[in-house]
Amino acid sequence: MEGSLSLVLFTLLGQASAGMLLLLPFFAAPASGRGRVAGWAALALLCAGALFSLGHLSDPWVSFYTITNAGTSWLSREIWFVGLLGAATLAWLVTRRTWVRWLAALVGLGLMYVMSRVYTLPTVPFWNSAATFWTFLASGLLTGAAKRVQRLLEGCLGRLQLRAVLLQDSRGPG
């Protein structure tokens, strides 16, 4: 896979995962069946994004050294936050503790911040501002909400269609 595409997929899938966890309380009770399905979906998106990111590496066998500069490198921090988000999400899904879900959501917010810092470069003036973070956050919230909004709309449209059929049936044959 071409390097740039793999990074785009990694970024969007990571943002969607974090956005789903941040928005989960607004769409379903986190402990409910739907909330847990959304949690597993968020974890799957994060894992898929992490796998796509490997397509950007020229030599995956030495990529381990990338994580050793967390004190100075935003890229290293990004890798750590992906791992932390995956671990926190899995911990919530296993323990079903509300505070662990909130921890996962906060780590997801942190991941979006760290991702935005990777792209906040003085050499690219358009990206070198707080707008980069807000754009990453908006992208995460929009992609994280997309499936939930689709289901809500399908439910509303399904009820409208059912009402139309019932209304037509109550009038009897023409």
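What is the volume of the largest pocket? About 500 Å³. Keep in mind that this is a predicted model.

**The two pockets**

The largest pocket is lined by 19 residues, and those nearest its centre are Ser 53, Leu 57, Thr 66, Leu 75 and Ile 79. Helices α1 (3-27), α2 (33-53), α3 (74-95) and α4 each give two or more residues to that lining. The top contributor is α3, with five residues.

Next comes the second largest pocket, at about 300 Å³. It has 15 lining residues, with Thr 11, Tyr 119, Trp 127, Thr 135 and Phe 136 closest to the centre. Here α1 and α5 each supply at least two residues, and α1 gives the most, with six.

Here is how the linings split by class:

| Pocket | Nonpolar | Polar | Charged |
|---|---|---|---|
| Largest pocket | 12 residues | six residues | one residue |
| Second largest pocket | eight residues | seven residues | no residues |

**Aromatic pairs**

Searching the whole structure turns up five aromatic pairs. One of them joins Tyr 119 and Phe 136, with ring centres 5.6 Å apart and planes at 35°, so it counts as tilted. Tyr 119 belongs to helix α4 (residues 98-119) and Phe 136 to helix α5 (residues 131-171), so the pair ties together parts that are 17 residues apart in sequence. Both residues are also among those closest to the centre of the second largest pocket. Buried or exposed, what is Phe 136? Phe 136 is buried, because its relative accessible area is 12%, under the 20% cut-off. Tyr 119 has 23%, so it is partly exposed.

Another pair is Phe 133 with Trp 134, and this one is edge-to-face: the centres are 5.0 Å apart and the planes make an angle of 65°. Its two members sit in unlike surroundings: Phe 133 is buried at 17% relative accessible area, whereas Trp 134 is exposed at 54%. Phe 133 and Trp 134 also belong to one aromatic cluster together with Trp 74 and Tyr 113.

**Charges over rings**

Trp 74, a member of that cluster, has company from a charge as well. The charged end of Arg 77 sits over the Trp 74 ring, 4.3 Å from its centre. Over at Trp 102, Arg 101 lies over the face of the ring, at 4.3 Å from the ring centre.

Methods:
Residues numbered from 1 in each chain as written. Predicted model: local features only at pLDDT ≥ 70, side-chain atom pairs only at ≥ 80, totals over all residues. Heavy atoms only, no water. Phe/Tyr/Trp six-rings, centres within 6.5 Å; stacked < 30°, edge-to-face > 60°. Helix = DSSP H or I, 4+ residues; strand = E, 2+ residues; numbered from the N terminus. Buried < 20%, exposed > 50% of the residue type's maximum accessible area, 1.4 Å probe, protein only. Lys NZ or Arg CZ within 6 Å of the ring centre and 35° of its normal. 1 Å grid on protein atoms, 1.4 Å probe; cavity = no way out; pocket = protein on both sides within 12 Å on 5 of 7 lines; lining within 4 Å. Points joined across faces, edges and corners; volume = space filled by probe spheres on them. Nonpolar A, V, L, I, M, F, W, Y, C, P; charged D, E, K, R; others polar.
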